[in-house]
Structures are given as C-alpha cells and as structure tokens.
Amino acid sequence: MQVLKDLLRDTRFRFGFIVFLVLAGLSVLSFFSPYNPYLWNQVPRDLPPQWPHILGTNSMGQDIFWKLTFAVRNSLIMSLIAGLVSRIIAMIVGMIAGYKGGTADRVLMFLSDSFLVIPLFIIIVLIATMVKARLSLPMLGLLLGVFGWAWDARVIRSQVLSLRERDFTYTALLSGSKALAIVFKEYLPFLIPLIFATLIGNMSWAIGMEITLAILGVSNLDIPTLGTMLQWSINYQALLLGYWWWVLTPVITSIFLFIALYLISVSISEYLDPRMRIQRIGQA
Amino acid sequence: MNFVRRYLLPRLITYFLVIWVGITMIFFIPRFLPTDPVQQFINRLVAQGTYMDPKAIEEMTETLKELYGLKGSLWEQYINFWKRFLKGDFGPSYYQFPTPVIILIKQSLPWTAWLLLVTTLLSWIIGNILGGLAGYFSNRRWVKILDGIAMVIRPMPYYILALGLLILLAYIIPIFPIGGGFAIGMQFTFSWENLLILLKHAFLPALSLILIGVFIWFQAMKLVVQSVKSEDYVKYAKMGGIEEKRIVRRYVIRNAMLPQITGLALSLGQIFGGALITEIVFSYPGIGTLLYNAIFTGDYNLLMGVSTLSILLITTSILLIDLLYPLFDPRVRYR
C-alpha cells in the first residue's frame, strides 16, 4: 500500500491509474448490459449519440456504448491471460537462467534470443489464419502469451544475476538452503515489482496485437473486442458514410487505454530504478 | 585467430542455429494445426460449383499434396522442405496459381525495401539526434514539449495513427492520394515527373512510419543519454574545461549510440511485419500487401516463403551488426 501511495504522487501514474480505473469500471458495467452483444437489430440503426444511446448505434443495430463495455472487458481479459501466461514462462526461464548459469543459462538464452529474432508477428498471423474461426478469446490470449515472454525473461534474468551476487544469497546457501528455495522464497519479493511493470507492458502489447489481428480479419470477429469493433466499423465504411461515432469510439477508447497502460508502466519502472527516482524528485 | 575463435565462430553458429529453429517452427506449426490446406482448396473449388467426380478429386489431392510438399512422412517432408529451401524454391502460390512464390516476392520486394529502408533509417537518425540533445538538455522547455508529444504518440497502435493521418491528409485536406504506389494504370518509365508521382504516393505511408519511429528512438536515446550524462568521465571532462558541444558530440552521444545500433539491426529485421499494416492502410504495393492477400486466400506456400525470407533478413542483419560492433565499441574488440 505504501508503494501505491508513493506511486500516486507521480502525476503520470495518477492519470494512468484513474483512466485505467474508469475503463475497468466500464468493463464491470457490461454485466448490467440490457443488450446481448452477440445479437443484431436490437435498437434502431445508425443513430448519432442521443439519449438513451449515449454513444449512438451502429449499422448492425447495436448500442455502441453497451457494446463498448463488452469490448473493453474482453480486451482486458484477453490481455490479462496473455500477460499472466507470458509472465509465468518469463519468470521460470529468467530465474533458472539467472541462477543456474552455465549450460542452462546458455540454452535458455539461446531460446529466448530465437524468440526475439524470429518474426513473431508473422508467425502469430500464420497461426491465427489457420485456426481463424476456432480462435476463442482465451486461446488468443494463450497464443500471445506463449510468444510474448522472451524480452521479459531477459530482464528478469539480469535482475536475478545481480541478486545472486548479494550477501544474503551466500548466507542462505551456507546455512543449507536449496537453490530453488532461495530463488522462489528470497528472490521473488524483489522481482514482484519488476514482474508487475513488465506485465503491464505485455498487456498493452497484447491488446495492440489483438487490434492488428482483427483489422487483418484473422481473429474471431464475432467476439466483441476493441479490435473487432474497429474492424466492423471499417468494414461497413462507417467513416465514408459519416458515422464518426462508430469509428471514433473504439479508436479513442483504445488510445486512452494505451496511454494509461504506458504511463503506469513507465512510472513503475522509474520508481524501481532509484537513479531515475532521484531525478524525478529533483524535478518535482 | 583469437578473434575468429572467440568472436566470429560463436556468432556464426548462433546465426545458423537461429535460422534453423525459426524455419523449423514455421515448418511444424502449420502441420500441427487442425487445418488441411489441400482439403481447403478442394472445398473451395466445390463451393464455387465446379463439379468433380471422386476420382478426379483423389488425383487432385495427390497432385496438390505433391505441390505443397505434404507427401510422405513428416520426416520426409521436412527433408524435402530443406532441399527445396536451399534451392530457393517455395513452390507455387495458391492465389496466383502457377506463379512460383519466389517470383511474387521478387516483384513486391523493391516497393517494401525502399519505403521501409528509407523510413527506418531516417527515423533512426532524426530520433537519435533529437533524443541525444533532449537527454543532455533535459530541463529545457522544448524537451518537455517533445516529451509530452512522445507520450501520446508512442503508445498509440500504429494502425490507429496511420488511419488518423490518412483521414486528415487525404479525406479532410486532400493533399495526398488516398492510396496506391503509383497512379492507377500507369506504366513506370523513368522521368522526373513520374518520380514526383511516386514520391507523392509514398509520402503518407512514409510520414506515418517516421512519426512513430522518431519518437520510439527519441525516448530510448534520451534515457540512455540521461544515464551516460551522470557518469564520472563526463563530469571530469566538464571540470577539465572541455567545450560543452564537444562533450555532447564526442563523449555522450557516441557512448549512448551502442544500444541504438543494436536496436537498428532489430528494427531492420522487423521490416516485413511493419510493412503489413502500412501497406494495407495506404494500399501500397509490396510484401505487406502480398502477405495480406496470402492470409486472405489461405496461401500457405506464400506465407511460408515470406516468413522464411523475413527470418533470413532479421538474422542476417543482426549478424552483420554483431560483426561490425567491435568497430564502434573498443571494449568488445579484444575480448
């Protein structure tokens, strides 16, 4: 809680956090939606924003505001799955590589280098194309999770490398602790903030990927997400027809979401790096 | 000799290993997925209303399997795939049927290569200069303004930024063409006029790429410079009375360049992925458009061809940078 309080002193974090809370609140609202997001023709089509349709309606006869609540919820859930899966992989790889060193380190880092080097985007598109219709939301999250860990594993590894040199490691080793126990019991508390910062970065990457995949038409377009909302509006030429509220809603929401996640992650990583922290206090 | 054994050799080995891992992944992933490209192709023919008797279908299945390299056991397919790959043969494309994939790629490559090479390099140079200066003079007003702009543009998904530019500069203020690489139906013959048209079509896609690229490099460079700035040797140089301009140019920026050079290699390799969205938004011809068509028509061979090429491109650019690295960083030279 003290950490949160410290972080909230940073304007950027405060802004990001509030925007994020608003969006999270929006996704909770989806549980109270009067409409089913999968059904068409529930409200009059193509209405500009007006009461009771505060963000207007689209050409499929859906209320944009309530559709948006589902879209935000689904995008967040998907990115959370992706983030958690890739965090688990990154943690295991990073910790083992960092602690064991030697051959294990070399093999694991070669693996993560390969993941950094191969054109992941194209491979994800390749996979998504081939399973297209069957790609459910958790599956998409899992897919992005499996491919999104490499960089963060490196970050965690370098942190473990520096922890390994500290005194308490030797104390623990000399008093007979097992290597794994040290890594998970002693190092984890140091790594948690780092893992949290990379989690947010990874979530934002996953949401961006989802939007891109939807625009390419390779994700499951029936599921309401920020990407598929945008894809449908472009598909129906909403801009040319002048239905700006249909296009702008997902665009502006996602811009806010990206900026919020970005500010939160920048703010946390600066908080973690004391050198940056001093500079920040100096400026304030 | 020490250089070859301790520096060159490990890097060459990694280079080939990574290519092997990447291409093996591209080979196996489609084969483990529950879709059958041959069946898909035949289904499409049948759905279009073509009548075929069962025998013809069977023959066709065989031929297609042969063409797509899906004949025999997984191991045989794998060996065959490598044999063909080493000859530069990716088989025929689905979507423009008898044309080999490699020819389609050759036709599209120049468009992508020139657009993305120019924009990647330009944004790298501009971003680094701006970032370097901003990192050094981090309390100036213009730095804070640039920082603010970077914070909004940087996290924006590229697709949305590009779409916004297109709406603004092609629909609302129609200065630039809505899309295409060249005026429709024109044959390209070299003349200054044609070159101008070519540039006009490339302007918006280039602008969008440069805009987002500059701010990515700007932020990275600014962070590095800020930390280099507080190193002892910079303080020492200042105390020694060396001109500030010289410190920035010779000591700070030079040292901060190293991670940026690695970054350049990585981003050069990501060109094909980046091209995909750009070329779709601005309907620009090139590898991205080719890839998009491949995705839509389920063109298996073409997808494999483009992915393989992009693996080769990225690993090679990283290898080259790795080999040139000792030229920039004396600390690596005699390791």
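These exercises work through a predicted model with chains A and B.

**Exercise 1. Describe the fold of chain A from its elements, extent and burial.**

Step 1. Take the secondary structure. Chain A has 13 helices and zero strands. From the N terminus on, the order is α-α-α-α-α-α-α-α-α-α-α-α-α.

Step 2. Take the extent. Along the principal axes, the C-alpha atoms of chain A fill a box of roughly 75 × 50 × 30 Å.

Step 3. Take burial. Chain A has 284 residues, and 56% of them are buried.

Step 4. Take the sequence range of the contacts. Consider contacts in chain A between residues at least 6 apart in sequence: 70% of these join residues at least 24 apart.

**Exercise 2. Characterise the interface of chain B and chain A by residues, area and polar links.**

Step 1. Count residues. On chain B, 47 residues are in contact with 38 residues of chain A.

Step 2. Give the area. The accessible area lost when parts come together is often used for the size of an interface. Here chain B and chain A bury about 3,900 Å² between them. Carbon and sulfur atoms hold 81% of that area.

Step 3. Look for charged and polar links. The rule finds zero salt bridges across this interface. One residue pair is in polar contact, with both residues at pLDDT 80 or more.

Step 4. Assign the chain B side to elements. Two or more residues each come from helix 1 (2-32), helix 6 (141-153), helix 7 (158-172), helix 8 (192-229), helix 11 (271-281), helix 12 (287-297) and helix 13 (300-328) of chain B. Helix 1 of chain B gives the largest share, nine residues.

Step 5. Sort the chain B side by type. It divides into 33 nonpolar, 13 polar and one charged.

**Exercise 3. Locate the salt bridges and say which parts of a chain they link.**

Step 1. Get the total. Over all chains the count comes to four salt bridges. Three are treated below, beginning with A:Asp10 and A:Arg12.

Step 2. The side chains of A:Asp10 and A:Arg12 meet at 3.3 Å, N to O. A:Asp10 counts as buried because its relative accessibility is 7%, and the cut-off is under 20%.

Step 3. A:Arg87 pairs with A:Asp152, the closest N and O atoms being 2.8 Å apart. A:Arg87 lies in helix 3 of chain A and A:Asp152 in helix 7 of chain A, so the pair ties together parts 65 residues apart in sequence. Both A:Arg87 and A:Asp152 are buried.

Step 4. Turn to chain B. B:Asp147 and B:Lys222 form a salt bridge at 2.9 Å, N to O. The pair links helix 6 of chain B with helix 8 of chain B, 75 residues apart. B:Lys222 is buried, at a relative accessible area of 12%.

**Exercise 4. Analyse how helix 4 of chain A meets helix 7 of chain A.**

Step 1. Set the geometry. The axes of helix 4 (residues 102-117) and helix 7 (residues 150-164) of chain A come within 8 Å. They cross at roughly 145 degrees.

Step 2. List the residues. Helix 4 of chain A brings A:Asp105, A:Met109, A:Ser112, A:Asp113, A:Phe115 and A:Leu116. Helix 7 of chain A brings A:Ala150, A:Trp151, A:Arg154 and A:Arg157.

Step 3. Classify them. The contact divides into five nonpolar, one polar and four charged residues.

**Exercise 5. Is A:Asn74 buried or exposed, and which residues does A:Asn74 contact?**

Step 1. Place the residue. A:Asn74 sits in helix 3 (residues 64-100) of chain A.

Step 2. Apply the cut-off. A:Asn74 has 9% relative accessibility, so A:Asn74 counts as buried.

Step 3. Name the partners. Leaving aside neighbours within four places in sequence, A:Asn74 is in contact with A:Leu137, A:Ile223, A:Pro224 and A:Thr225.

Definitions and conventions
Residues are numbered from 1 along each chain as its sequence is written. Chains are lettered from A and ligands numbered from 1 in the order in which they are written. Side-chain values use heavy atoms; hydrogens and water are left out. Contact means heavy atoms within 4.5 Å. Buried area is the accessible area (1.4 Å probe) that two parts lose on being put together, summed over both. A polar contact is a pair of N or O atoms within 3.5 Å; within protein, one must be able to donate a hydrogen and the other to accept it, and residues adjacent in sequence count only if both atoms are side-chain atoms. Helices (H or I, at least four residues) and strands (E, at least two) are DSSP runs, numbered from the N terminus. Ala, Val, Leu, Ile, Met, Phe, Trp, Tyr, Cys and Pro count as nonpolar, Asp, Glu, Lys and Arg as charged, and the others, Gly among them, as polar. Buried means under 20% relative accessible area, exposed over 50%, partly exposed in between (1.4 Å probe, protein chains only). Axes are lines fitted to C-alpha atoms, for helices over the stretch in contact, and angles run from 0 to 180 degrees between N-to-C directions.
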